[in-house]
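Here are some friendly notes to read alongside the structure. Keep the view open and look up each residue as you come to it.

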Amino acid sequence: LDASEDATYRQMPGDLRALATDASSNTDFTLLTTFGMMAVELNDAAGNEVELAAGQSATLTMPLSAEAQAAAPATIPLWYFDEADGIWREEGSASLEGSAYVGEVTHFTFWNCDIPTDYVTLCATILFDVPAGDTINVTNLVVQIISQNFGTAYGYTNASGQLCGIVPANEELILNIFGHNDCGIPAQTVTVGPFSEDTDLGTILISPSAVNLVRVAGTASCNGTPVTNGVARVYQSGTQVGIATIGSNGAFEVDLVSCDSSELTVRIVDYVNLSESDDIVFAFGTNVNTGDIEACSQPLTQYFQLIIDGQSTLGDSVYFTSSIDALVVGGDGFDADGEFGFRVNPGSITLPEPLVVGTYTLDLTANASQGRSYVYSPLIGLYYITIDPPAVDMEITAVPTQAEPYTVGSIGPFAQTFQDSSGNVFTHDIEILFSAQQF
């Protein structure tokens, strides 16, 4: 793992807290500055893990990036990751030989060439500026922390916009704060420090990048009648960048952040008539008025329908994949009541290849404890419930052809009993209908 790559700090185990050999206690941590890491795992031909025999050692050669070589000391402590305690522990040292550190180890795991340093805990609360946007949706804002001497790390805010983590002591730090989908441009840059003790920066207000804010608005109708239940999807460069439910009067409004100025494509999905519009292309602009879009241009070919206790909701984002011994089918969608979805991932099933029309038995009990088969719908109060009957039937009524590349089928009906957080027991009759292009 190259210390000059930002991805290293997301791939490595732990958070670079470590115990040196001269630590005074099990909580006398130091913070590591890494020059490079290596993960070593050996297996024999049968797949069994191989370890060094007692009394034996192996030589590890750790290549260094050009950036690391410029500041690399002649010798450096070696550290291994203790998976049981979740920390790095010092064991041995490595010497600089040319453009690599070379050292001896007696066991295989993650190994790290690092210089220890003092650290402090730094906290902050990051919120959107009230006039500029969202004051609630502050979860998972990305904060990039840059130290001139110790490199770059990342943190993420929680549901309250709070962030806490360890940083090098006595170092000036640059905090680049990124909003949601702001195209890699920091919404705010703050220089803080140096700090010699734990510090809370308090609240930092940020604003989204106004230059990239786009609003797409219009109406949708089917043969002159307003669409009352559907969604408007906006795409750019082949990727969906925004979605909004359509109101009962057929009006929709999509707010999104665009990362380029390429043209926008709008597609309307009508859940009532199981139809959709053609893809309508618009020139890029910060305010796009689509006018009225005809939503019954063609049948809806990919959809799913959740039927719970006789009531149904429909979504149009669905996936289906199968092979000789695997099946995953699921989807998510929007309607007037909010988000909903389902996922069915049976524990064991044998499907013919290619798939043929027929009825198949899905064994869902094997995955019930993992929660991989579930439904989530406003019809059951927006609960996730695991699908766990002993067996559920899946009927395939149409298989892909060159002209119609869709798998059409149904799962159930079946009765599902679950208990809510208050101990109340509920039973629902559930059936899932779907039409999906296999991948």
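1. Let's begin with the secondary structure: the chain has two helices and 37 strands. Please keep in mind that this is a predicted model, and that the strand numbers used below run from the N terminus.

2. Now for the chain as a whole. It has 439 residues, and 41% of them are buried. The area that the chain exposes is about 21,500 Å², of which carbon and sulfur atoms supply 48%. Try also to picture how the chain folds back on itself: among contacts with a separation of 6 or more, 59% are between residues 24 or more positions apart.

3. Next, find the open sheet made of three strands, in the order 13-10-16, with mixed pairing. Why is one side of strand 13 and of strand 16 left without a neighbour in the sheet? Strand 13 (162-168) and strand 16 (199-206) stand at the edges, and each has a single partner strand, so there is nothing in the sheet on the other side. From one strand to the next, the twist averages 30°.

4. Stay with this sheet and look at one of its pairings. Strand 10, which covers residues 119-128, runs parallel to strand 16, and six bridges link the two. To see the pairing in the model, find L122 and look across to T199 in strand 16, which stands opposite.

5. Which residues touch the most other members of the largest nonpolar core? They are F342, V344, V375, M394, I411, I432 and F434, in a core of 29 residues. Several strands each supply at least two residues of this core, including strand 31 (338-344), strand 35 (392-398), strand 36 (407-419) and strand 37 (425-436). Strand 37 gives the most, with four residues.

6. There is also a second, separate core, with 21 residues; V120, L122, V138 and I145 are among them. You have met L122 already, as the residue opposite T199.

7. Finally, have a look at Q144, which lies in strand 11 (residues 142-147). Is Q144 buried or exposed? Its relative accessibility is 12%, and buried means under 20%, so Q144 counts as buried. The side chain of Q144 has polar contacts with two partners that you can find in the model: one of 3.0 Å with the side chain of Y154, and one of 2.8 Å with the side chain of N176.

Notes. Residues are numbered from 1 along each chain as its sequence is written. This is a predicted model: local features need pLDDT of at least 70, side-chain atom pairs count only at pLDDT 80 or more; totals for chains, interfaces and linings use all residues. Side-chain values use heavy atoms; hydrogens and water are left out. Buried means under 20% relative accessible area, exposed over 50%, partly exposed in between (1.4 Å probe, protein chains only). A polar contact is a pair of N or O atoms within 3.5 Å; within protein, one must be able to donate a hydrogen and the other to accept it, and residues adjacent in sequence count only if both atoms are side-chain atoms. Two strands pair if DSSP finds at least two bridges between them. Axes are lines fitted to C-alpha atoms, for helices over the stretch in contact, and angles run from 0 to 180 degrees between N-to-C directions. A nonpolar core is a set of buried Ala, Val, Leu, Ile, Met, Phe, Trp, Tyr and Cys residues joined through side-chain atoms within 4.5 Å. Contact means heavy atoms within 4.5 Å. Accessible areas come from the Shrake-Rupley method with a 1.4 Å probe; for residues, only the protein chains shown count as cover.
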